[in-house]
Amino acid sequence: MAMTIHVDIVSAEAEIFSGTANMVFAPAEMGEVGIAPRHTPLLTRLKPGEVRVQVEGQEEQYFYVSGGILEIQPHVVTVLADTALRAKDLDEAAALRVKERAERAIADKASDFDYAKAQAELAEASAQLHAIRRMRDKSRR
Amino acid sequence: MAGAKEIRTQIKSIKNTQKITKAMEMVAASKMRKAQDRMRASRPYAEKMKTVVAHMGKSHPEYKHPYLIEREAKRVGLIIISTDRGLCGGLNVNLFKKAFASMKQWREQQLEVDLAVIGTKAMGFFKRLGGNVVSENSRLGDAPKIEDLIGSVKVMLDAYDAGEIDRVYLANNVFVNTMTQAPTVEQLLPVVGDETDKEIAHHWDYIYEPGAKEVMDGLLMRYIESLVYQGLVENIACEQAARMVAMKAASDNAGTLIDELQLVYNKARQAAITQELSEIVSGAAAV
């Protein structure tokens with residue numbers, strides 16, 4: 001029996017492939033790598049491209065990845081595929097956006113703040129009312 | 001027939017409320033199923049990520065990444081995931097209580113706390129409380145994408161890289177089952193590896209391409225993001241489950257209230273008829 005290697009391809013939102021293969025090809029950052037069973041442990045980033053999985057007696061399977069991380073253990077290959085497009089400026093912009101939103105939300109005392117406060121006061125008042133009503137019911141009996 | 005009309009209108013208004021709560025219950029039930037599927041779909045990634053990071057923790061790299069090194073804490077970061085909407089029972093309140101207890105503990109140890117909130121409920125709560133909120137992210141919908149979270153996570157990671165905060169925690173609800181949601185606060189950074197898997201104990205290391213630092217940066221950033229994402233989808237499943245249960249309780253309460261009022265109404269009607277009859281009878285007797 002030919003030697004095989006276990007392959008898992010997962011993305012953050014779903015599992016894409018899981019099974020055994022004879023050979024796996026992946027677009028590593030420094031060039032495409034071919035992985036045969038008993039490959040030495042390796043950890044690398046992926047660039048956009050195709051992951052090809054060869055299973056004996058079956059047609060080659062292709063999976064497109066837009067990037068991610070590749071981990072190789074002697075008997076396991078794990079592809080952690082990205083679903084999000086990543087770029088340094090994009091990430092920076094996202095970070096800035098959430099920061100601004102926090103500042104704005106804190107500065108914006110009128111809308112949400114009053115609402116939350118009113119809600120808390122309402123809850124308190126209704127609890128008090130409830131207690132008073134219960135006391136009155138008791139004294140009546 | 002004193003009060004009969006009032007009782008009737010009251011019954012009607014409660015019935016309308018019941019219709020709404022019933023509809024909300026059913027909507028929550030179907031949304032919960034989808035949210036649970038989504039939670040399951042993202043689990044393999046999180047688990048694989050965990051194994052890879054655990055492997056990495058066991059290897060002996062020439063380069064130690066700052067995310068793996070414990071350092072003395074002066075300031076901690078806390079990412080809080082809450083819901084955007086209410087009417088889901090005590091879900092948010094329980095989580096905030098838990099988070100607040102942790103914050104109090106840190107304050108006692110003279111640690112400052114920076115907050116990154118996700119969800120409008122957390123924003124409202126911690127603003128009122130006067131927490132130091134550094135980032136806000138909300139209205140992500142029922143099917144959030146991982147890129148929606150990149151900003152919130154990056155703010156914390158940047159602060160960690162710059163040495164402004166020395167630990168990062170995540171607070172969210174964990175989905176146990178439909179009836180039970182457990183609020184938890186867990187440590188994200190520095191990464192705490194579990195020492196369960198002792199298979200590969202001998203001295204070894206990965207080959208890193210292009211370099212250990214670049215690869216680890218990418219991996220650990222995705223690791224943290226996947227944990228936060230998993231927390232978010234889990235929290236959404238919790239929200240729908242909690243809402244379903246809360247709305248079911250509300251519908252049931254409305255039902256008992258209607259039954260009680262119906263009884264009062266019937267009695268009032270009966271009394272009015274009896275009174276009228278006795279009036280007629282006594283009138284006839286007087287003649």
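Author: Helices (H or I, at least four residues) and strands (E, at least two) are DSSP runs, numbered from the N terminus. The model discussed here is predicted.

Reader: What is the sign of phi at B:Gly163, and near what value does this phi lie?

Author: B:Gly163 follows helix H4 of chain B. The phi of B:Gly163 is positive, near 80°.

Reader: What distance separates the end C-alpha atoms of helix H4 (residues 150-161) of chain B, and what span is expected?

Author: H4 of chain B has 12 residues, and at 1.5 Å a residue these should span 16 Å. The distance between the end C-alpha atoms agrees with that expectation, because it is also 16 Å.

Reader: How many of the 12 residues of H4 of chain B are buried?

Author: A residue counts as buried under 20% relative accessible area. The buried residues in this helix include B:Ile150, B:Val153, B:Leu157 and B:Tyr160, and B:Lys154 is also among them. The helix is mostly covered, the number of buried residues being 10.

Reader: Which residue of the loop between strand E1 (75-81) and helix H2 (91-108) of chain B has a positive phi although it is not a glycine?

Author: Most residues other than glycine have a negative phi. In this loop, a phi of about 55° departs from that sign. The residue concerned is exposed, with a relative accessible area of 53%. The residue is B:Leu87.

Reader: Is B:Arg139, which has a positive phi of about 55°, buried or exposed?

Author: B:Arg139 lies in the loop between strand E3 (132-137) and H4 of chain B, and its phi is positive although the residue is not a glycine. Exposed means over 50% relative accessible area. Since B:Arg139 has 65% relative accessibility, it counts as exposed.

Reader: Which peptide bond in chain B is cis, with omega near -10°?

Author: Most peptide bonds are trans. The cis bond leads into B:Pro190, a residue in the loop between strand E5 (181-189) and strand E6 (207-209) of chain B. The bond in question runs from B:Leu189 to B:Pro190.

Reader: What distance separates the C-alpha atoms of B:Ser135 and B:Val117?

Author: B:Ser135 is placed in strand E3 of chain B, and it counts as buried because its relative accessibility is 0%. B:Val117 stands 18 residues away along the chain. The C-alpha separation of the two residues is 6.2 Å.

Reader: Which parts of chain B are linked by the salt bridge between B:Asp142 and B:Lys31?

Author: The side chains of these two residues meet at 3.3 Å, N to O. The pair links distant parts of the chain, 111 residues apart. B:Asp142 is partly exposed at 33% relative accessible area, and B:Lys31 is likewise partly exposed at 29%. The parts linked are the loop between E3 and H4, and helix H1.

Reader: Why are B:Lys213 and B:Asp217 separated by about one helical turn, and how far apart are their N and O atoms in the salt bridge?

Author: An α-helix has 3.6 residues a turn, so residues three or four places apart point the same way. B:Lys213 and B:Asp217 are four residues apart in helix H5 (residues 212-286) of chain B, and therefore about one turn separates them. B:Lys213 is partly exposed at 43%, as is B:Asp217 at 28%. The N to O distance is 2.9 Å.

Reader: How many residues apart in sequence are the parts tied together by A:Glu29 and A:Arg45?

Author: The two residues form a salt bridge in which the closest N and O atoms are 3.3 Å apart. A:Glu29 lies in the loop between strand E3 (23-28) and strand E4 (31-35) of chain A, and A:Arg45 in strand E5 (residues 42-46), so the separation in sequence is 16 residues.

Reader: What pattern does chain A follow along the sequence?

Author: The secondary structure of chain A comes to two helices and nine strands. Of its 141 residues, 36% count as buried. Read along the sequence, the pattern is β-β-β-β-β-β-β-β-β-α-α.

Reader: Which residues gather with B:Arg8 in a patch of positive charge on the surface?

Author: B:Arg8 is placed in helix H1 (residues 4-58) of chain B. It is partly exposed, with a relative accessible area of 43%, and patches are made of residues with over 30% and no salt bridge. The other members of the patch are B:Lys5, B:Lys12, B:Lys15 and B:Lys19.

Conventions:
Residues numbered from 1 in each chain as written. Chains lettered and ligands numbered in written order. Predicted model: local features only at pLDDT ≥ 70, side-chain atom pairs only at ≥ 80, totals over all residues. Heavy atoms only, no water. Patch = residues over 30% accessible without salt bridge, like charges linked within 9 Å, V, L, I, M, F, W, Y side chains within 5 Å. Areas by Shrake-Rupley, 256 points an atom, 1.4 Å probe, with all protein chains shown as cover. Salt bridge = Lys/Arg side-chain N within 4 Å of Asp/Glu carboxyl O. Lys, Arg positive; Asp, Glu negative; His and termini not counted. Charge placed at Lys NZ, Arg CZ, Asp CG, Glu CD. Buried < 20%, exposed > 50% of the residue type's maximum accessible area, 1.4 Å probe, protein only. Expected span 1.5 Å × (residues − 1).
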